[in-house]
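Colleague: Please take a close look at one part of this model, the second chain, and then at how the other chain meets it. I would like one connected account.

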Amino acid sequence: MNPAPPTSVAEDYLSRDRTLRSWLTTTDHKRIAILYLIAITGFFAVAATAAALMRWELLSPRGDLMVSDIYNRLFTLHGVTMVWFFLIPSIPTVLGNFILPLMIGARDVAFPRLNLASWYIFMAGGAITLFAIVAGGVDTGWTFYTPYSSTYANGNVMAMAAGVFVAGFSSIATGLNFIVTIHTLRAPGLTWFRLPLFVWSLYSTSLILVLATPVLAVTLALIMVERGLGVGVFDPRLGGDPLLFQHLFWFYSHPAVYIMILPGMGVVSELVTTFARKRIFGYRIMALATLSIALLGFLVWGHHMFVSSQSVYAGLVFSLLSFLVSVPSAIKVFNWTATLRGGSISFDAPFLFALGFLALFTIGGLTGLFLATLAVDVHLHDTYFVVAHFHYIMVGGMVMAYMGGFHYWWPKISGRLFPRRPAQVAAITIFLGFNLTFFPQFILGYLGMPRRFHLYPPEFHTLNVISTLGAAVLGIGYVMPLVYFAWSALRGQPAPNNPWHATGLEWTTPSPPPEHNFDRVPVVTGPPYDYPGPDA
Amino acid sequence: MNSLAPCVLGMIDGSMAGASRIGPAVDAIFWSLTITCTTVALAVGAYIAWCLVRYRRGSAAPRPRPRWPEWWWETIWIAATSVIFLAFYWAGARVYLRMEEPPPGAVPVDVVGRQWMWDIRHADGRREFNALHVPVGQPIQLRLSSEDVIHSFAVPAFRLKQDLVPGKTTVAWFEAMRPGRYPIYCDQYCGASHSEMNGEIVAETPADFSAWAAQTRDGNSSLARGRRLFVLDGCAGCHRGADRRRAPSLDGLYGRTVDLADGGHVPADDEYLRESIASPGRRIVAGYAATMPSYDGTLGVTDIADLVVYLRQLKAAAPRVASSR
């Protein structure tokens, strides 16, 4: 790629105007990314605290820290906040917002004001959800299964459903914004098959956001209609069908799993190529695999219902499709691995996070095969095996990728370097803590411990103690970056434009970039990841 | 830490394995998956580790060009994973189909789930709470219904799980192979005391089971309740006695084929009996008008289950002739 000449003396986006008002009314995608960063870090802290309390309680089989009602509210709070207010927005709204326009040589996203609006909608949804928690909480689990949620639960289901409903519009707005941006604002010469894989992953994610989120909105609205107005939709006593809810909910929520993991895959492609200094192996297949995961992801929701009494034949079809959707994921793992061969590998923190992603995502993906296998799922369904499996994907995969991407682009975002060694230690701590927390849960699930269990039989005690121990290590790992990033923001060394010697247009801008990103529109003349070949 | 060893050993020697008829088939797939996945994960991990060492920045190792074109590798990967995946799909689907089809001769047991207990009825009207006594070697067909929210009847040792969905009856089956006590859990979150909705299956030798059955023959069974409800709720008013103009006799009904007003036929099984109490207008017996009121709302799932137990044995107690009394 042709590096654009460095910007002259224009002020960077951070120091242009330091007033609070300028931040709250900004339409600069980079500042909006920072607004999202602050918001989702807060939500992550709330959700993680809930998890910590749960793990603390599970230290003993007989609940002696809290009553069941509180425990049930904690796991609901943890799930709702993590899924809708951290995992789904995390990479797209923070890293995507900041990097996407820079990566494609644009000055901003296609609809900068819509971008700001989506942050305010997100905050409104978050505020309603927090209100529901403070006003007494909800104990339905993040899945809101009917008729429990619509008739029997006595928490603030209406408020929490409303919060998620509102936040959904912010997802739709962001998805729409990204799709239009990628279609219309690519720099001259930046053809579809020259796009970095991170852009492909954001594009696929946005498609899901736009297509699936409305279904969630409809589903939540129907719960509110039944609960508030007594109109029978899901409760059989009112003439409704409880399984209808599960179909609608998973029609959104399974694709939502891919909303959470696809951007992580995109980030990891960037990290592996940069730190191996090598072109990605199988670029086109990688791009198409991303897209096909997004599309096939819409056709597998019934695998959440193998024991729900849905038709046996539906089960047979959904199982087959679930195996099918794992093929492109497997191909990606093989391609990342092959990219390392013949590279020139350095072990900076972002790459350590990417390696962690590779290991944990592989375990998460392989254990997904167990759950796609019909007869085996009957045994493992709704046990801790499932909890472990999706945490390997969501936390092991997604959060590792988010951390890796955040470390990787931090010099660009802040204009400062972070200390190398502590970041490496944090990556390793998080990896070890994570495995210690969640690997025992696979065994618990195989032995039959059901999920969402406040009290549990004593034979599950030891493994739960190990898991809680791991959670403590994981917690330490998560606090470490807060410390060194704060230090870096205040005292860190100024970052050069391209500290990792990476390709990609975002590294041709100053660190931090000026408000308009590029003085001159860059022109792209070659493929992405144009690192020196094997002969060099 | 002292219970870790049994946990791990339990996994390896499979102290739960073989507890039910279907268990070994499930475990065979589970362990094949475990071995295959572990092998693949270790192989990929070892290859990555080898790359990391050999191709670390600054190492003198030559960086060769790949020998084969990329699409070659992609084809191999796609083909290999697809074949392995299809094999596991096939294995899992076959056993799942077996799980869905109760073997002939399975003895029916009704399970009603409610917040937060298991209410269990044997075919002869004997009733148990949070426990189910069964003889080993006898397939049991569970007919599951819920009085409130969704529950899930899970017996990990038997590799058995089936949701109970309000508004319908779901079916599952098992056959215990070894005497023992096996925990039942509710695996679908169902409210405050979800984690206390437990029970156990007590599998006994046929002799022990008969002894237990002889001990627990009591008057307060489901059958007795059903008989009482049949009178109290007015069923007897129309369905009993010599006058057959308003309603058909129910004696000897169970298991017979019923001619319907619309010309169709239906076997008088549990599902039809339940439906005819809750929504009598849906399938009318030939020769009668749709005059019976719906008892949905008046009678709970439990009451209807008791009535069905009573109706079922009317066949044995009073075959065919008992219409003048």
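Modeller: What follows goes through chain B, then the side of chain A that touches chain B, then one helix of chain A.

This is a predicted model, in which local features need pLDDT of at least 70 and side-chain atom pairs count only at pLDDT 80 or more, while totals for chains, interfaces and linings use all residues. Residues are numbered from 1 along each chain as its sequence is written, and chains are lettered from A and ligands numbered from 1 in the order in which they are written.

The model scores ipTM 0.91 and pTM 0.88. Chain B has a mean pLDDT of 86, with 90% of its residues at 70 or more; pLDDT is the predictor's confidence in each residue, from 0 to 100. Within chain B, confidence is highest in strand S6 (residues 151-155), at a mean of 97, and lowest in helix H1 (residues 4-14), at 51. Residues 316-325 of chain B have a pLDDT below 50, and this stretch makes nine contacts in the model beyond near neighbours in sequence. Where pLDDT is low, the predicted coordinates should not be read in detail.

Chain B contains eight helices and 12 strands (DSSP runs numbered from the N terminus: helices are H or I, at least four residues; strands are E, at least two). Its radius of gyration, taken over C-alpha atoms, is 28 Å, whereas a compact globule of 325 residues would have one near 20 Å (the rule is 2.2 Å times the number of residues to the power 0.38). Along the principal axes, the C-alpha atoms of chain B fill a box of roughly 100 × 50 × 35 Å. Of the contacts in chain B with a separation of 6 or more, 67% join residues 24 or more positions apart (a contact means C-beta atoms, placed from the backbone, within 7 Å).

Between the chains, 70 residues of chain A are in contact with 70 residues of chain B. H10(A) gives the most to the side of chain A that touches chain B, with 15 residues. The residues on that side of chain A divide into 42 nonpolar, 23 polar and five charged (Ala, Val, Leu, Ile, Met, Phe, Trp, Tyr, Cys and Pro count as nonpolar, Asp, Glu, Lys and Arg as charged, and the others, Gly among them, as polar).

Helix H7 of chain A (residues 197-229) has 33 residues. A kink of about 30° lies at A:Ala212, shortly before the proline A:Pro214 (the angle between axes fitted to the seven residues ending there and the seven starting there). After H7(A) comes A:Gly230, with a positive phi near 70°.

Definitions and conventions:
Two residues are in contact if their C-beta atoms, placed from the backbone, lie within 7 Å. The expected span of a helix is 1.5 Å times one less than its number of residues.
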